[in-house]
Each structure stands twice: as structure tokens, then as C-alpha cells.
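Me: I have a protein model open and would like to learn how to read it. Can we go through it feature by feature?
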Amino acid sequence: MNREILFESTQLGPYTLKNRIVLPPLTRSRSSQPGNVPNDLMADYYRQRAGAGFMVTEGTQIEPRGQGYAWTPGMHSPEQVEGWRKITAAVHAEGSIIFAQLWHVGRVSHNSLQPGGAAPVAPSAIAADNVKVFVETGPGQGALTEPSVPRALTTAEVKELVQLYAQAARNALDAGFDGVELHCANGYLVNQFISSHTNRRTDEYGGPLQNRLRFLREVVQAVADVVGKERLGVRFAPLFASTEEDRVYLGLVEEDPHETYIEAIKVLEQVGIAYVSLAEADWDNAPELPETFRNDVRSNFSGKIIYAGKYNVERGVRVVKAGWGDLIAFGRPFIANPDLPERIAQGWPLNAVDPATMYGGTDKGYTDYPSYRP
């Protein structure tokens, strides 16, 4: 297996990456309370994994209404920005590049997580199904529950949200990030506008696909105007199939996922952003994305392409060698193996991930996974 291809340096916007291995956004719910503030423990976690050529933070909500799970960090208060500065400084000291993932969950939330106990906001007042949200039930204690019924945003509120994304991008730059990634995947807010399953609007943001892509287009442009298009990425989850497997959240399968996401990628190409990150289905025996789709992504997008979703080394090498992708993201393996790039390079065995400590908690299952000792 020609794993050396994963260790070639490559260009991403203005940055020369030391390898093609990516730490993708991984929700870990370890922020300090109250205030969802990034902390020293999180700085240690990211520093340990700075062997990645490129790093993207866990989803960080752009405003208080954007939170759908307890203890996830934000990017909207001065305390949060100060907390993120510790993390960017730790990563930069290790010579890596890190982008902040800007996130708004839209309808995938609960009244108890919303300011004043209000209803979550969404393109349309349609409750999310096949998903649970995680709410705090006491100090350090939480439980999974059904999402609350959302209320539909007014047209004026949609335009305000575009500006909230831009402000979060300014905050990310202030916190020392090298750029930002927009979370437009997995059935969260931007994805809710794109999908005909969740968008029943009759204004300029609803109806035909090009109208449903309007919110994506406006957010991408507004954030590009802040950080620079060469320091901007977008994440999609173009599901072509679903599963009955019990999952935190997968997202939405469109009637024509090929057309929907190629048209969305054309929006990104028009703005000229640095990369698109494609999160593939990752349940056991999930089908890979069709080759026709992969080829169409490459022919319609001139930036870098990241693939993620239960990738192993062999599959990552195959995707890069085929010319479909430029960077490969490893999720669960990076949780359990802080030294993952070195393990891949040397062919060393991997630690197994502990699902019980994935979300919330202490350093256990977070920063205590050992590096390999040959």
C-alpha cells in the first residue's frame, strides 16, 4: 500500500500542509460551564493531535440559539474567544493549521438549550425526527431527548442569521484561527434550508432548489468577505442512502442527492473557496459515494476536496490516487490515537476508541489515550 502519498505536502489556500491527514470536526462536549467556554483541557486535546496536516475544530455554535447539545463550545462571547485563543496558540506551537467549524443546529435542539426556553429556529416549523439531542439534567449530568418543535424564521431573521455567521467568522479570526469551515451537513441549519424535506418556505429562500440554495450562497459569500475565500471551507454530507442503525444524527437523504449537491458545489465554486469537505455515510457496511458523483464533484470544483467517514489508510490512499480527493480525514481513529499520523507512517497498531467517553466528561477518553511506544 502506497501510504507515502498521505505524507506528501499539499497546498490549501495560502497554507502548505505537512501531510494530507486531517483531524475532522468531532463533537466532544467538554467546554466549561457556565458559558460553553473552551478550556485548557481542550487545548491539550488539540495540541496532542497537531501531527495532522490540517485540523478543524468540533462544531462551535455561532450564537446561543445555535446549540443543540449540552456543553458544546460557542464562538459568540468574549470569554469563548479568549478560550479558543489558548487552543490556536497550542496548535500553532506544534506547527499545524487549524480552522474553526461554525455551526448552527437550527431545529435540532431543545427548549432547555434555547435562550429563555424558546422554541428552536428553523426554515420551517417541522420537527426533527430520527434524532435525539443531549440536554443537561444536572451539573455534569445529561440525557438524550427528542428535539422540540421549531418555529419558522421570518425573512428578516434569515438575513440577520447571515450576519451572525459573518460575526462568528470575525470572532474566529480574533481567536487566532487560520480560517473557518461552515457546517452545512448532517441536517443542521444550512442543510435544513437546502433540503426539500425541511424547507417549505414560500419566500425567496424556499421552493425551487436554487432558492433553497440561497441561504448557503449568502452565508458563504458573507463569511468569505470576512476571512477571505482562500481561508474558507464548507462541509456537506451528501447521503445517497440511510440506515435504521441507532445514530446521533446522520442528516437528510434528498430525492436527487447528486443534483442537489452538485448544484451546491457549484455555489462554492462561484465564490472560489479553498475546499469542500464531504462526510460520507459511516455506518457498518455503508455504501461508498457513487463514482459518478465523485467525478462530478472533481469536475465542478477547482479547490481542494476532503473526504471523511470511516476511512482507513487503504481507502484513503485509493481516493487520493484516483484523483477524487486531496485530503483524508480520520475521525474515531484520531479520537483514540493522538499520534495517528505517526502510527500510519510506521504501520503501528491503533488504540480502540471507547464509545462511552465520547461525549462530555473529564480527561478520561479524551486526553488520556496513550501514544505508541515501540
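Reply: Start with one term: a residue is buried when its relative accessible area is under 20%. A salt bridge needs a side-chain nitrogen of Lys or Arg within 4 Å of a carboxyl oxygen of Asp or Glu. Keep in mind that this is a predicted model. Now look at Glu254. Glu254 is buried, yet has no salt bridge.

Me: Which side chain of opposite charge is nearest to Glu254, and how far away is it?
Reply: That is Arg212, at 5.1 Å. A salt bridge has to be within 4 Å, so this pair does not count as one.

Me: Where in the chain is Glu254 found?
Reply: Find the loop between strand 11 (232-236) and helix 7 (257-271). Glu254 is in that loop.

Me: What polar contacts does the Glu254 side chain make?
Reply: One joins the side chains of Glu254 and Ser195, at 2.9 Å. Another partner is a piece of backbone: the nitrogen of Ser196 lies 3.5 Å from a polar atom of the Glu254 side chain. Setting aside neighbours within four places in sequence, Glu254 is in contact with Ser195, Ser196, His197, Thr260 and Tyr261.

Me: Now for the charged pairs. How many salt bridges does the structure hold?
Reply: It holds 21. Take Arg85 and Asp174 as one of them; their closest N and O atoms are 3.1 Å apart. This pair links distant parts of the chain. Arg85 is in helix 2 (residues 78-93), Asp174 is in helix 3 (residues 155-174), and 89 residues separate them.

Me: Are Arg85 and Asp174 buried or partly exposed?
Reply: Read the relative accessibility. Arg85 has 30%, so it counts as partly exposed. Asp174 has 45%, so it is partly exposed too.

Me: Which residue forms a salt bridge with Glu204?
Reply: Lys159 does, with the closest N and O atoms 3.0 Å apart. Glu204 sits in the loop between helix 4 (189-194) and helix 5 (209-212), and Lys159 is in helix 3, so the bridge ties together parts 45 residues apart in sequence. Glu204 is partly exposed at 32%. Lys159 is partly exposed at 35%.

Me: Where do the side chains of Glu280 and Arg294 meet, in terms of loop and helix?
Reply: They meet in a salt bridge of 3.2 Å, N to O. Glu280 lies in the loop between strand 12 (275-279) and helix 8 (291-300), and Arg294 lies in helix 8, so the pair ties together parts 14 residues apart in sequence. Check accessibility again. Glu280 is at 7%, so it counts as buried. Arg294 is at 0%, so it counts as buried.

Me: Which residues are linked with Glu280 and Arg294 in a network of salt bridges?
Reply: Glu288, Arg315 and Arg318 are linked with them.

Me: Last topic: the nonpolar core. Which members of the largest nonpolar core touch the most other members?
Reply: They are Leu6, Leu182, Phe215, Leu216 and Phe236, out of 87 residues in that core. Pick Phe236 and look around it. Not counting residues up to four places away in sequence, Phe236 touches residues including Ile194, Leu216, Tyr261, Leu268 and Val276. Apart from this core lies another, of 14 residues. Among them are Ile97, Phe99, Tyr275 and Leu327.

Notes. Residues are numbered from 1 along each chain as its sequence is written. This is a predicted model: local features need pLDDT of at least 70, side-chain atom pairs count only at pLDDT 80 or more; totals for chains, interfaces and linings use all residues. Side-chain values use heavy atoms; hydrogens and water are left out. A nonpolar core is a set of buried Ala, Val, Leu, Ile, Met, Phe, Trp, Tyr and Cys residues joined through side-chain atoms within 4.5 Å. Buried means under 20% relative accessible area, exposed over 50%, partly exposed in between (1.4 Å probe, protein chains only). Contact means heavy atoms within 4.5 Å. Helices (H or I, at least four residues) and strands (E, at least two) are DSSP runs, numbered from the N terminus. Lys and Arg count as positive and Asp and Glu as negative; His and the chain ends are not counted. A polar contact is a pair of N or O atoms within 3.5 Å; within protein, one must be able to donate a hydrogen and the other to accept it, and residues adjacent in sequence count only if both atoms are side-chain atoms.
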